[in-house]
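Student: I should like to learn how a structural model is read, feature by feature. Could we take one as a worked case?

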Amino acid sequence: MTETSQTTEQKIEFKAEVSRVLDIVIHSLYSNNEIFLRELISNASDACDKLRYALLLHPELSAQTTPFQITITPDKANNTLSITDNGIGMDKDDLINHLGTIARSGSAEFVKSLTGDKQKDMALIGQFGVGFYAAFMVADKVTVQTKKAGSDKGYIWESAGSDSFTLNEDDSLPLGTTVTLHLKKEATEYLEPIRLRHLVRQYSDHISWPILLKDGDKQETINSASALWTRNKADITLEQYKDFYQSVSHAFDDPWMTLHYKAEGVIDYTALLFIPTKPPFNLFQPDRKSGIQLYVNRVFISDDVPDLMPFFLRFVTGIIDTNDLPLNVSREMLQKTPVMAKIKKGIVKRILSELKKRSEDKASYHKFWENFGIVFKEGLYEPIDERKEVAELCRFHVTGSDDFISFADYINQMKEGQENIYYLSGTDLKTLRNNPQLEGFEARQIPVLLLTDPIDEFWVQTFTEYQGKKIVSVMHAKNDLDKIAVSSSDTKNKLSEKEADKLLKRIKEILGDKIQSVELTDRLTKSPLSLITPEGQMSLHLERLMKANGQQIAYNSERIVQVNPKHPLIHKLAELINTNGNTQQIDNAIWVLYDQTLIAEGEALSDPALFGSRLNEFILSGLSVL
Ligand code: ADP
């Protein structure tokens, strides 16, 4: 912070991330610059909401302001456009913290995801919204005059959007905030009343405070000034829903789903909820605020109500308005009151039943699933009553098809005699599809769900049954596999008992502590070996996930090596062991086969160089024969 003159002016540097956002906003966003007005009006409206709520808790502030309104003043003579509100205002700390840093967690995340590639970054910004900083798209200087309710100190914040802003004290300012844009040459269209009227209609009509436009001496209200959700569904256009969605969620996409209803019964409330078309960036940030705003009788209460939406539906945004809470409801009370739990139950039920309807349109539902399935599946893990409904809406990859399928689809595809629903989990589809564990299933045409999201490892432990069918890992599928015959059963090429015995012993000897045991299996058809963990133990994939997450796990899962006695390589190996062939070669072959199995499993080798040199030896001897 540096003092620049004898007056009270202070010059303060922007935090580094602000400068980066400003740079992008100023240089890359011309095409859509009109949204600056929506962002500033939305801030002004929030400020009125906040003061209205503060007045309920501190009525002593009341003499100072009302009625709430937002005024837009174009001034052609000075080439400025001002947006004035008589809301909560900002004190010095607010100005420094809110207009000098990136306060919104989503924006900070946005900055982290910037790539430096203009095209990509513009697409990113499109998914974020940049709030106040949008002003710099149309202005080369922005002045904010503000005084906070309850304070007698006023401030003037000013910045040219480069690397710093100045602060001056001016206690003569009225309460509330005026944001004045010194318009760029190419942005003077925003001085035209017609253009402003049109923009307010388009983006801000639903704002519940009057928006006044000053046109010379005249002043008129140019929005409908009634909260959108209180209007009749039939009177609301898709466009209006979209604008409202974009304004509550600071988004630029269309809502994928809009759910607007009034619940009447034990608890009365109105909900206007949206599911985005594009996933917000901060979906996985633990400190992310819920996207739901709570209103009581049309008065904004909070946009950070704990536990109004279950975690697995955290991508839903919108508003809930109820008359069943007192206006001066406190945060503590919100946490205790049964009203919230009842509303939560109601909205979850409605969202799930709406999703069920939407799932009939497969193509569109798959888009939803690709965006949010990974979060939605947490519902199979959360302790909620609606797990069954959640499960009905889940979709999975499956062997033998590129389609997403539901549990119900899976059950329809089950083989005669098949008792359980089978899954295999791992990090990516391609590796999973080639996993040797699937061979016995493919041979019997038993479908297997392929689970690739980290959360899958967790829900499979708690959600273990669907419509009476157990959900079981392919590793523990012996029963079904034994019961269902392989169509082209191939019984020749079996090892003799003695050969098998010697082979298994030798493998265990060589691999030693790396594995728990070795056994023959008839469920492999193409691979010589595969690897499983005993039932009840952490799967290899989960073990990898936890290690990758930096979690100290006390033990490594025990590994069982399964050997395919019909595979020619295994035959050759057994024969060599039986006839006391070259020890070095046998040992190397066992290591190479084992390492290969680890690779197919998606595991990193502990000594890849050694694997390479062993493999090279075999390649060389193979080539020498040619
Ligand atoms: P967001 O509105 O999403 O938080 P912004 O960048 O638009 O992000 O604004 C940052 C913060 O600055 C707001 O959260 C608010 O605290 C403050 N602010 C902006 N405009 C106003 C205003 N007109 N009155 C009071 N506070 C404001």
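Tutor: We shall go from the whole chain to a sheet, a pocket and some individual residues.

Student: What should be kept in mind about the origin of this model, and what is its secondary structure?

Tutor: The model is predicted. The protein chain holds 21 helices and 24 strands.

Student: How much of the chain is buried, and how many of the contacts join residues at least 24 apart?

Tutor: Burial is judged by relative accessible area, with under 20% counted as buried. By that criterion, 53% of the 626 residues of the protein chain are buried. For contacts, one considers pairs at least 6 apart in sequence; in the protein chain, 70% of these join residues at least 24 apart.

Student: How is a sheet described, and in which order do the strands of the open sheet with six strands stand?

Tutor: One gives the order of the strands and the sense of their pairing. Here the order is S17-S16-S19-S18-S21-S20, and the pairing is mixed. The edges are taken by strand S17 (401-405) and strand S20 (465-466); each has a single partner strand, so one side of each lacks a neighbour in the sheet. Within the sheet, S18 and S21 are parallel and are paired over three bridges. Tyr423 is placed opposite Ser473 of S21.

Student: Which residues lie nearest the centre of the second largest pocket?

Tutor: The general idea comes first. Rolling a probe the size of a water molecule over the atoms shows where empty space is left. In this model, the second largest pocket has a volume of about 640 Å³. Its lining comprises 30 residues, and those nearest its centre are Tyr423, Ser473, His476, Glu535 and Gly536. Tyr423 and Ser473 are thus also the residues that stand opposite each other in the sheet. Two or more lining residues come from each of strand S18 (421-425), helix H15 (456-462), strand S21 (469-473), helix H16 (478-483) and helix H18 (540-548).

Student: What is the character of that lining, and why is the pocket said to lie between two domains?

Tutor: The lining of the second largest pocket is made up of eleven nonpolar, twelve polar and seven charged residues. Because domain 3 (396-489) and domain 4 (497-625) both contribute residues to the lining, the pocket lies between them.

Student: How does one read a hairpin, and which strands show it here?

Tutor: One looks at the two strands, their bridges and the turn. S11 and S12 form a hairpin with five residues between them, and Gly265 in the turn has a positive phi of about 160°. The two strands run antiparallel and are joined by eight bridges, S12 covering residues 269-276. Tyr261 stands opposite Ala271 in S12. As for burial, seven of the nine residues of strand S11 (residues 255-263) are buried.

Student: Which residues other than glycine have a positive phi?

Tutor: Asn79 and Gln445 may serve as cases. Asn79 has a positive phi of about 60° although it is not a glycine, and it belongs to the loop between strand S3 (70-75) and strand S4 (80-85). For Gln445, phi is near 55°; this residue is in the loop between helix H14 (439-443) and strand S19 (449-451).

Student: Are these two residues buried, partly exposed or exposed?

Tutor: Asn79 has a relative accessible area of 25% and is therefore partly exposed. Gln445, at 54% relative accessibility, counts as exposed.

Student: How is a helix residue placed in its surroundings, and what does Tyr594 touch?

Tutor: One combines position, burial and contacts. Tyr594 is part of helix H20 (residues 583-601), and its relative accessibility of 3% makes it buried. Residues up to four places away in sequence aside, Tyr594 touches Leu511, Lys514, Ile515, Leu529, Leu531, Arg559 and Val561. Leu511 is 83 residues from Tyr594 along the chain, yet their C-alpha atoms are separated by 8.4 Å.

Student: What does Ile26 contact, and is Ile26 buried or exposed?

Tutor: Ile26, in helix H1 (residues 16-28), is buried, with a relative accessible area of 14%. Apart from neighbours within four places in sequence, Ile26 is in contact with Phe136, Gly161 and Lys184. Glu17 also lies in helix H1, but at 28% relative accessibility Glu17 counts as partly exposed.

Technical notes. Residues numbered from 1 in each chain as written. Predicted model: local features only at pLDDT ≥ 70, side-chain atom pairs only at ≥ 80, totals over all residues. Heavy atoms only, no water. 1 Å grid on protein atoms, 1.4 Å probe; cavity = no way out; pocket = protein on both sides within 12 Å on 5 of 7 lines; lining within 4 Å. Points joined across faces, edges and corners; volume = space filled by probe spheres on them. Helix = DSSP H or I, 4+ residues; strand = E, 2+ residues; numbered from the N terminus. Nonpolar A, V, L, I, M, F, W, Y, C, P; charged D, E, K, R; others polar. Domains from an automatic or database assignment. Buried < 20%, exposed > 50% of the residue type's maximum accessible area, 1.4 Å probe, protein only. Contact = heavy atoms within 4.5 Å. Pairing = 2+ DSSP bridges.
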